[in-house]
Amino acid sequence: MLISTDVDRAVAALRGGGLVGLPTETVYGLGANATDEQAVRRIFEVKGRPTDHPLIVHLGPDADLDGWITPRFDHRDAAQRLAEVVWPGPLTMIMPAGPRVLPIVTGGRATVGIRRPAHPIAIEVLDRFGGGVAAPSANLFGRVSPTTAQHVIHDLGDRLDIRRDVILDGGASAVGVESTIVDLASPEIQVLRHGAITNNEIAAIVSQPIAPTGGPSRASGMLASHYAPHAEVRIAATAAAAERLATRSQAEGKRTQVLDYSDDLLAGARHLYADFRRADREHLDALIVVEPPAIGIGFALRDRLVKAANGSTRSNRVG
Ligand code: TXA
Ligand code: MG
């Protein structure tokens with residue numbers, strides 16, 4: 001069985017150069033020993049991911065940052081504050097890379113993304129392993145991130161090696177969308193990817209304004225179309241507009257469903273990717289999603305929905 005709840009097996013897999021499907025509070029990762037070049041290389045092969053898309057290095061709550069980052073940089077104090085307040089948690093910090101970071105992990109960049117995840121099983125694995133675990137989300141490149149071990153099996157099961165890899169089952173991810181990524185290695189602090197930790201929260205923690213998110217993304221891997229189900233995704237401004245669109249779509253013979261997360265954004269984030277995957281399983285032609293409000297994790301939801309709309313066959317933002 002590739003799926004297991006045995007943390008020892010996962011730690012042994014990391015030590016032996018294997019890959020681990022790692023449950024985290026955001027989404028499942030596909031992890032390897034960050035200092036094992038061959039193992040990290042396999043992550044890219046298994047995912048079908050271009051090697052210029054950098055990986056995040058995951059560390060246990062008490063693991064030393066020494067060697068993973070360079071100790072002195074302009075936003076060091078801000079990084080320290082964020083680490084104190086948010087870690088372990090759904091925040092990735094981009095910082096100048098230290099000597100332990102292999103070029104394969106960062107695509108040769110001078111910076112590295114570091115995160116200390118909060119999921120108890122991830123913490124146990126990282127604590128016992130002791131080193132850094134390089135991990136992207138455990139999905140095929142360009143597809144929706146997995147939020148359960150079953151999603152990982154579905155995407156990567158037949159590409160993994162039962163003799164040396166393992167997928168740890170830690171239940172459904174509690175947050176459901178990928179970590180917030182904040183860039184602390186540039187002149188201005190900037191959020192590169194929205195997640196559960198909002199721009200306002202970050203600005204409050206670091207006691208300074210942060211540059212607005214957006215513009216041409218500087219992080220490769222944050223393509224405009226990403227996170228897409230096979231169904232056409234359309235965003236409607238209101239529930240009424242969504243119903244009108246759905247009626248029209250059904251009249252065109254499309255199997256259509258309306259998704260509305262507005263009442264409970266946290267639950268929406270938890271369910272979004274599973275809903276996308278269900279839509280694929282049920283061979284739906286169209287998903288009409290009511291635009292979530294721009295508050296809290298709503299920013300992350302809006303971002304993923306726009307990307308899903310761009311990634312689906314016929315993109316449309318209407319009403
Ligand atoms: O919640 C998450 O962040 C999950 C869990 C497993 O930790 N991981 C995740 O990894 O979403 P991934 O590889 O799917 O997305 C990481 C993003 C990519 O878009 C990558 O380009 C960006 O982070 N990234 C990583 N290192 C970077 C760096 N040094 N500079 C700029 N962007 C970076
Ligand atoms: Mg990903």
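**View 1. D303 and R304 join in a salt bridge.** In this predicted model, the closest N and O atoms of D303 and R304 are 2.7 Å apart. Have a look at how covered the two residues are: D303 has a relative accessible area of 17% and R304 one of 0%, so both count as buried, the cut-off being under 20%. The pair also belongs to a wider group, as salt bridges with shared partners link E178, D303, R304 and K307 into one network.

**View 2. R304 also pairs with E178.** Here the closest N and O atoms are 2.9 Å apart. Which parts of the chain does this salt bridge tie together? E178 sits in the loop between β8 (166–168) and β9 (180–183), while R304 is in helix α10 (residues 298–311), so the bridge connects parts that lie 126 residues apart in sequence. Like R304, E178 is buried.

**View 3. E232 and K254 meet through their side chains.** Their salt bridge spans 3.5 Å from N to O. E232 belongs to strand β11 (residues 232–236) and K254 to the loop between α8 (239–251) and β12, so this pair ties together parts 22 residues apart in sequence. Are these partners buried or exposed? E232 is buried, with 4% relative accessible area, and K254 counts as buried at 13%. If you go looking for others, the model's salt bridges come to 17.

**View 4. Four residues form a negative surface patch.** The members to find are E243, D260, D263 and D264. D264 is located in the loop between β12 (256–260) and α9 (265–281). With a relative accessibility of 43%, D264 counts as partly exposed.

Note on methods:
Residues numbered from 1 in each chain as written. Chains lettered and ligands numbered in written order. Predicted model: local features only at pLDDT ≥ 70, side-chain atom pairs only at ≥ 80, totals over all residues. Heavy atoms only, no water. Patch = residues over 30% accessible without salt bridge, like charges linked within 9 Å, V, L, I, M, F, W, Y side chains within 5 Å. Areas by Shrake-Rupley, 256 points an atom, 1.4 Å probe, with all protein chains shown as cover. Lys, Arg positive; Asp, Glu negative; His and termini not counted. Charge placed at Lys NZ, Arg CZ, Asp CG, Glu CD. Helix = DSSP H or I, 4+ residues; strand = E, 2+ residues; numbered from the N terminus. Buried < 20%, exposed > 50% of the residue type's maximum accessible area, 1.4 Å probe, protein only.
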